[in-house]
Amino acid sequence: MTEDNTYKDHSEYIEEAGRIVRARSKAAGRRLTYHVTTFGCQMNARDSEKLTGVLEACGYVHEDDESLADLVIFNTCTIRDNADQKLYGHLGSLVNVKRRREDMIIAVCGCLPQEKTAYDRIVNSYQFVDLIFGTHNLFDFPELLVKVLTRQDVKGRGHLISEIWEDTDRIVEDLPAKRNYSFKSGVNIMFGCNNYCSYCIVPYVRGRERSRSSSDIIAEIESLAADGVVEVMLLGQNVNSYGRGLDEDITFAGLLREVEKIDGIERIRFMTSHPKDLSDELIDVMAHSGKICRHIHLPLQSGSSRLLESMNRHYTKQQYIDLALRIRERIPDIAITTDLIIGYPGETEEDIEDTLDVIDKVRFDGAFTFIYSKRSGTKAASMPDQVPEDVARKNFATVLEKVQQVSCEQASMNEGKVMDVLVEEVNRQDSSLVTGRLSNNLTVHFPGDASLIGKIVPVKLAECKGFYYIGEKM
Ligand code: 5AD
Ligand code: SF4
């Protein structure tokens, strides 16, 4: 640990784990394999790139099939109950595999085990799990890996390796990462969240908000650019409060200005913006930028001012509408997407009408719509008037239909235009096509081959298919 709050010395553990992995590979006559299964958000996806980076630095190679790998890691999410159930489903399907292959290592990390009841359930119901660690212990992974590898000779129960901290002010720096894409990367700019929205478990499992220093962020993006990355996604639960608590005097808009200067970076995205902290300075920086993408994800959650207050969101329906329209006025080609929760305690028909009204006025280009999920320990979990599931489902269907209709109409406005596409991959269903994204985050499929991957090319958006386009390269 250095004198600031960053922790930088993982290399010795990686070397030690590497020696063990090499010796075991030699004894087995084949390379040892890993599989990382990731649930949840972009933060988790980025954390998994770090887990993978460490594993590959130790000599493991990737195995596609979870049940065949020598080491399986589940990087979990617990934002809604269905995320929890996904983990339990995967663990359940490994019971028999692990019985046959005692030396397989199974690890669970991320948000779910930060929650005490979930942790106990994993320990008690899935006793074959070898390693459990929390969101604050990602930087410990090389050390934990050494521990789990060196206890493998001792078979049987009682040897669970586990490390869960409730909170930390440490910031992970310099863990190796293996990117899922060569040309784009997530970059953490801050960790944790202090907002305590009444329904949300994130502040409890990701800890208090802490920003990385701008020099560390810029240095990371410069090295990504040198390594061929053209698009970065700046990640934080609430990027608009970036900089709070740092010694330096910097805002999120200021950070964007710095990132914009980095040669080689052609597209800058960020996620997620809390409406309460979105500044005019940010709108200004976006309006003048040639690199910041024409997309903002601005979670509304509900259109009802009464529910927004109960949710602890710190804005009203009208403040949200005014903000969204101000953004549209300053940046006319921007796409605004959102998150909506349906079935929050006490939600009435009138509240749903308010949500539909905001959708009409803001004309969202896309929305993630979720049925409220009760998370134990949150304020909303103990509120009276929990909405019956059938009512929530009916309202969910109404809202979903509305957002889909509006976002299809929004997307069709670009039909016939020529726009730049960053090509991401060969289309998974039809290999004569490639798939990429517009600056506004919409997907485009068009005829092309793997040589286009990572390139930004002009494409005519010939046909809008609702949520995506079929295009022709110009
Ligand atoms: N139930 C349903 N949706 C939730 N979200 C967060 N907590 C819950 C919950 N308990 C949604 C919010 C947030 C997104 C990441 O997940 O819409 O913006
Ligand atoms: Fe959860 Fe609210 Fe923090 Fe987003 S801002 S992570 S919804 S508490």
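These legends go with a set of close-up views of one predicted model.

**View 1. Five strands close into a barrel.**
Follow the strands around and you get the order 17-18-19-21-20, with mixed pairing. From one strand to the next, the twist averages 50°. Strands in a sheet pair through backbone hydrogen bonds, and they can do so either parallel or antiparallel. In this barrel, strand 17 (residues 418-426) and strand 20 (residues 456-464) run antiparallel, joined by 5 bridges. To find your way along that seam, look for Leu-422, which stands opposite Ile-456 in strand 20.

**View 2. Strand 21 of the barrel and its two partners.**
Here we stay with the barrel and look at strand 21 (residues 468-473), which pairs with strand 19 (residues 443-447) in the parallel sense over 3 bridges. A handy pair to spot is Val-444 with Tyr-469 of strand 21 opposite. With strand 20, the pairing of strand 21 is antiparallel, over 4 bridges. On that side, Glu-463 stands opposite Ile-470 in strand 21. Strands 20 and 21 also make a hairpin, with 3 residues between the strands. In this hairpin Gly-466 takes a positive phi, near 100°.

**View 3. A little open sheet with parallel strands.**
This sheet is an open one of 3 strands, in the order 14-15-16, and the pairing is parallel. Strand 14 (295-297) and strand 16 (366-371) are the edge strands, each pairing on one side only. On average, neighbouring strands here are turned by 15° against each other, direction ignored. Strand 15 (residues 335-342) meets strand 16 over 6 bridges. If you want one of these contacts to start from, take Thr-337, whose bridge partner in strand 16 is Gly-366.

**View 4. Helix 8 and what its buried residues pack against.**
Helix 8 covers residues 252-260, and its buried residues are Phe-252, Ala-253, Gly-254, Leu-255, Leu-256 and Val-259. An α-helix has 3.6 residues a turn, so residues three or four places apart point the same way. What do the buried residues of helix 8 pack against? They pack against two helices and two strands: helix 7 (214-226), helix 9 (280-288), strand 12 (231-235) and strand 13 (267-271).

**View 5. The loop between strand 13 and helix 9.**
Two residues are worth finding in this loop: Thr-272 and Asp-277. A cis peptide bond joins Met-271 and Thr-272, with omega at about 5°. Is Asp-277 buried or exposed? With a relative accessible area of 16%, Asp-277 falls under the 20% limit and so is buried. Setting aside its neighbours within four places in sequence, Asp-277 is in contact with Asn-238, Asn-240, Ser-241 and Arg-244. For a sense of scale, the C-alpha atoms of Asp-277 and Thr-435 are separated by 34 Å, and these residues are 158 apart along the chain.

**View 6. Two loop residues with positive phi.**
Arg-363 has a positive phi of about 55°, although this residue is not a glycine. You'll find Arg-363 in the loop between helix 12 (349-362) and strand 16. At 25% relative accessibility, Arg-363 counts as partly exposed. Move on to the loop between strand 16 and helix 13 and you reach Asp-385. Asp-385 has a positive phi too, near 60°, and is likewise not a glycine. Its relative accessibility is 56%, over the 50% limit, so Asp-385 counts as exposed.

**View 7. The second largest cavity.**
Rolling a probe the size of a water molecule over the atoms shows where empty space is left. Searching the whole structure turns up 2 cavities of 30 Å³ or more. The second largest has a volume of about 50 Å³. Its lining is made up of Asp-47, Leu-51, Asn-75, Cys-109, Gly-110, Phe-133, Gly-134, Thr-135 and Leu-138. Helix 2 (42-57), strand 5 (105-110) and strand 6 (131-134) are the elements that give two or more residues to this lining. Sorted by class, the lining has 4 nonpolar, 4 polar and 1 charged residues.

**View 8. The second largest pocket.**
This pocket has a volume of about 510 Å³. Which of its 27 lining residues are the closest to the centre? They are Arg-294, Asp-333, Met-419, Ser-439 and Asn-440. Helix 13 (389-412) and strand 17 are the elements that give two or more residues to the lining. By class, the lining of this pocket has 11 nonpolar, 6 polar and 10 charged residues.

Terms used
Residues numbered from 1 in each chain as written. Chains lettered and ligands numbered in written order. Predicted model: local features only at pLDDT ≥ 70, side-chain atom pairs only at ≥ 80, totals over all residues. Heavy atoms only, no water. Buried < 20%, exposed > 50% of the residue type's maximum accessible area, 1.4 Å probe, protein only. Contact = heavy atoms within 4.5 Å. Pairing = 2+ DSSP bridges. Axes fitted to C-alpha atoms, helices over the stretch in contact; angles between N-to-C directions. 1 Å grid on protein atoms, 1.4 Å probe; cavity = no way out; pocket = protein on both sides within 12 Å on 5 of 7 lines; lining within 4 Å. Points joined across faces, edges and corners; volume = space filled by probe spheres on them. Nonpolar A, V, L, I, M, F, W, Y, C, P; charged D, E, K, R; others polar.
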